Structure formats: structure tokens, C-alpha cells
Amino acid sequence: MTAATATPPSPTRLRAVNAVTVGRLPRAVPWLLLAGSWIVMGVVYGLLAASGATKGFDPVGTIFFGTVLFVIVLYTISRIVEGGRRAVDRLVTSLVLTAFIIALLPLISLVWTVVANGLARFDVTFFTESMRNVIGAGGGALHALIGTLLITLAATVISVPIGLLTSIYLVEYGRGALARSITFFVDVMTGIPSIVAGLFTFALFALFFGPAVRNGFMGAVSLSVLMIPVVVRSSEEILRIVPNELREASYALGVPKWRTILRIVLPTSLAGIVTGVMLAISRVIGETAPLLIVTGFTFSMNYDIFNDRMMTLPVFVYTQYTQAAGVAAQASIDRAWTAALTLILLVMALNLIGRLIAKIFAPKYGR
Amino acid sequence: MSKSIEVNDLNVYYGDFLAVEGVSMRIEPRTVTAFIGPSGCGKSTFLRTLNRMHEVIPGAHVEGEVLLDGDDLYASGVDPVAVRSQVGMVFQRPNPFPTMSIKENVLAGVRLNSKRMPRSEADALVEKSLRGANLWNEVKDRLDKPGSGLSGGQQQRLCIARAIAVSPQVLLMDEPCSALDPISTYAIEELIGELKNDYTVVIVTHNMQQASRVSEKTAFFNIAGTGKPGHLIEYNDTATLFTTPTEQATEDYVSGRFG
């Protein structure tokens, strides 16, 4: 114990004001300002309506100009209280949030419309019956559901091996002109309009089987034309982010290249590849135009993708909507909405399954 | 089971660029040889030519000879895969396979070459390799946990265990401790001291104390300037190289006066 342990209090503690603090708006201020701006604009529009300048109260204008007013006022107040940097921060934050909400509106509106209109026929009959011999109300889309599942499955079986092998070639082996031209043509293929894919498939099959040919397999081929480039691009990107160190570690153990790809590169990137494939399926499962040309439409069940016309959900929506006429028009339109709802739910289910698979296969980093 | 390495007048190219020029040296079996030198002088590049790993980079090629117990690694008809199964490598950053458990990582070299191995034999190999890498006591209770959950130093020792599980003749180490803390570094240095009883060890390091601690012979590489090829300046017993180097450049480098 020595007397030297008693040190004088540090001089900075004695200062009343901390030199590095700046003014801050209370947390509630932006929200109060937003509500205030809406109320102000509401009053303005109310006055306009009362004076007869506009026909009735305008809620859209109130929200829109209220939000604009809010952004301006918040920026000004923040600039006065908090300084320039924070004011810009608040300005950009409110702009980004507004943009996000605007982007979300169509999605919410779409889901709402489809659910509201589709629930009317979302019943057991819809999923257990086809449209064979159905006139007027009743009937279902089982034939279209089966058609969509079979054709998409066939398209996936065709596209995933081709697409995955192409991307493995591009990442692991491809050098020089050939790889560059493949990349170029894959890019071109990504931009092919889906109707062109349908026409191409029709022309191809018509060469061999005559102009009257229509079957589910042609639909699968035309969907593959659209799906392959998506699979190639997504798996190429995933394979490229597999660290080179892992490949080198494997080579250094005396493992041949093909086995390194099969046992190290693919398992490491499996989760990403599965996600990419699921996205590609979602991309093609709702295609209408090519299927309208090459698979035609029918009202009966057809489980054989190599023979006869086959119904699919998007084409079902299209035909039910265009052929709605007469007394039973509403029944037809209801069926179209329910089929659209089914399609959305199908895509959502596929995405959820994809995420689940990705989660199961993802590399584990636990202790 | 360890072999000597003899290098005769080796030039290493990346495309047209000459990265390392005119290296000749002889590395005895069951010794530790250290490569030192400034960054970019080609010591890692040269190390990677000893098991043909530099060929992974497109355009890389060599002129000259690398003899592993008299067999030229660059003779026509030599399979790089066969070379690498004799000359193992440990990298700068620990790189266990993220999809595999600790046990599967150790067995990776065997399993990936699809050799069938009875369970008891595999377990024995795992234990032997992990003991050889001084890691057994730390991980024996969690062999089925992912290898990437270990600490950096443990991961590096796991990579060493993985490399020695395929019983190579030579073990190359490319700055194995540069990403590790002093305690893990000490563990690896201890391990290198034990590994030289069975293997020919070649280690690249930036740490001159480390070179003087672990190695019997040291090679000093230097580069005349950016864009010029790297050269082997001096190759000698470690004690001699650090105390009485024959070259002025070596003396400047090991004593901390650069240039």
C-alpha cells in the first residue's frame, strides 16, 4: 500500500459537455412526422373536395403527397438538429423504404386478388376431376395439374444433366474459344422469347412426325430450351465460388481431377445447385406460350407424355378465361382463378422444398 | 519411406513470364529444408513445382529436371496424380473439406481414391494419422463433427493429418504457420521435428526464427526487381547460412538489412 495509488480525477470527466456528441431526434419523431404529413395533406384534399375543386376525397393523392411532404420536412428538421450527414442518411433511408413498399404493392395486390378470386373453386372436386364432359359449372383441373407436373419433371430431367455438365465444363475444363462461344450462346439462349422456343420445338418435331404432332414430351423439350441456360448460369456461378484451395487440397492428396469434381466440388456446392435448379423450375413451370403451341389442350386426363395432347395449368387458365361465355361464364372464370392460385402454390411449395434440401445439404460449420 | 529430391537447372514459367530461373539443389531424405526469401521471389512457386501443383494454374510450365529418388517428375508419360500421391502438401491457409467430418477429412485421400478399407483398418489409420499430427487427444471425442468447427491451428494439424494419412514420401509445407497464433505455431513446429523421422519435409516460411528452429538446411531465394525472375541465392546448412553466409544478399536479408 502506497500513497501513490490515489490519482487525481481525469480532467475530461469534469467537463459538462461531451465534445463528440451531436443533436439527435427522438425515435418517435419520424413516425409522428409521417402521420402529421398525411393529416396535413388529408386536410388540404378535404378542403379541395369541400370547395368543389375535386370530385370527392382523394386518398391516393393524400398518401402520395403526404409522403413527399414527410420526406422534405424530415430532411429539413434533421438538417437543423442533427447536421448534414444524418439528414442525408434519413433522406436516403426514407427513399429506400418508400421504394421497397412501392415494389411490394403489386405483389401483395396480386396475391390478394388471386387468393380472393381463387378460393371460390379451391375444393376437392377441382383436384379430383378433369374437364371431360363438363359443361357449365363443376369440373376440375386434375388433368392440367398432372400435365404440368409430368411435363416440368421431364423438362427437369432433360435440362439438369445438360446444364450441370455444361457448367462443370465451363468452370473446370473450358479454356479458349470453345468455352467463350458456349458462354456467349448460353447468354443468347437466356434471352430467347418463350414463343420462339415453342415454335422451334414444333418445327423440329413436325419434320419427323408431320404437322399434326402434339404431345407432352414436345412441351418438355421446349421448356428445356428455356431452362438449360438458367441452370447453366446459376450452377456456373455456384461452382466458381467453391474455393480453389479445396480443389488444390484434393489434388495434393493424389486425387484425380474428375474425382475431385465429383466428390469435393459438387458436394460443397450442392445446396446452391439445388436452389438454382428450383429457381429454373419456377421460371418454366408457368410458361404458357410454347405449351399452347406444342402440347395443345384437352379436357381429358392424359398420363402419357409421348402421346396425344396434354393440358397444363397455365394453358388451362388461358383456355378457361378465353372460353368463358354464356350462362356458365362465371364458373369458367372461377376455374381459371383457382388454377392460377394452384400454380402459385405449386411454385411456392417447390421453393420451400428447395430451401429445405439446400439446408440439409449445406456444408456444416458447427462445433 | 522417404525419398530424396534433386533439382537440376529448373526454370518455371507462367505463360511467357519466367518466374523462377536456374534452380539446382539436392534435398536429402528425412531432413527438414526451409525456403526463405522476400514475398514474390518464387519460393512458393518453386515448392509447388516439386509435386506438379503449379500446373493447376493455366499456362504454368517448367524446363529442367526434378528427380524424386532419380525418377524425373517431368519426364513424358508421368502422371501428375501419381506424383502428388507421393509428394503431399500442406497449404498456407487451413483447408479442411467443409462437407466432411474430422474423420472423413483424415480418410479423404484414401476414400477419394476409392480404395476400399475395412472399418477397423480405417479407424486405426485415423488414430495413427491424428496422433502423428498431435491432434488425437483434442478431437478423439468428436471425430464425427465437421472439421471446419476446429480452431485454425487444429484445422492446420488436421490438414497435416490428412496429408500423412496417404503415407507420402515427401511433405511440402507452404507457409503452414503464417495464419496461426504463436501457440499453434509452436505445436506445428514440434510436429515438424517429429515428422522428419519419417518424411522428407520442405517448408516455405517468412519467419527466419522458424527456419532456424526447425530446419537442417535453408535455401535463400531473392528477386532482382519486379518483373524479374527469382533466383536461388544460397543453399547451405541452416547454421552456416544464418551465421556465416557466403553471399552479401543473404547476409543482408537474414540480418534485417534489406537490399
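**Two aspartates, a kinked helix and a two-chain contact**

B:Asp69 has 14 C-beta neighbours inside 10 Å and therefore counts as partly exposed (a residue is buried with 20 or more other C-beta atoms within 10 Å of its own, exposed with 12 or fewer, and partly exposed in between, the C-beta atoms being placed from the backbone). The model is predicted, and local features need pLDDT of at least 70 while side-chain atom pairs count only at pLDDT 80 or more, whereas totals for chains, interfaces and linings use all residues. Residues are numbered from 1 along each chain as its sequence is written, and chains are lettered from A and ligands numbered from 1 in the order in which they are written.

The backbone at B:Asp69 deserves a look as well. Its phi is near 50°, a positive value in a residue other than glycine. B:Asp69 belongs to the loop that joins strand S4 (60-68) to strand S5 (71-72) of chain B (helices are DSSP runs of H or I with at least four residues, strands are runs of E with at least two, and both are numbered from the N terminus). A positive phi, of about 45°, is also found at B:Asp9, again not a glycine. B:Asp9 sits in strand S1 (residues 5-14) of chain B, and B:Asp9 counts as exposed because 11 C-beta neighbours lie inside 10 Å.

Chain B as a whole contains 10 helices and 10 strands. Its radius of gyration is 18 Å, close to the 18 Å that the globule rule gives for 259 residues, so chain B is as compact as a globular protein of that length (the radius is taken over C-alpha atoms, and the rule is 2.2 Å times the number of residues to the power 0.38). The C-alpha trace of chain B spans about 55 × 45 × 30 Å along its principal axes, and 49% of its 259 residues count as buried.

Towards the end of the chain, B:Val254 lies in helix H10 (residues 248-254) of chain B. B:Val254 counts as partly exposed because it has 19 C-beta neighbours inside 10 Å. Leaving aside residues up to four places away in sequence, B:Val254 touches B:Met208, B:Phe242 and B:Pro245 (contact requires C-beta atoms, placed from the backbone, within 7 Å). The C-alpha atoms of B:Val254 and B:Ile36 are separated by 9.3 Å, although the two residues are 218 residues apart along the chain.

Chain A has 13 helices and 0 strands. Its radius of gyration is 30 Å, where a compact globule of 367 residues would have one near 21 Å. The C-alpha atoms fill a box of roughly 100 × 80 × 45 Å along the principal axes, and 33% of the 367 residues of chain A count as buried. Helix H10 (residues 257-285) of chain A spans only 36 Å between its end C-alpha atoms, against 42 Å for a straight helix of 29 residues (1.5 Å times one less than the number of residues). A kink of about 60° in H10(A) is centred on A:Leu270 (the angle between axes fitted to the seven residues ending there and the seven starting there).

Finally, the two chains meet in a contact that takes 26 residues from chain B and 22 residues from chain A. On the chain B side, helix H2 (80-86), strand S6 (87-90), helix H3 (102-112) and helix H6 (152-165) each supply at least two residues.
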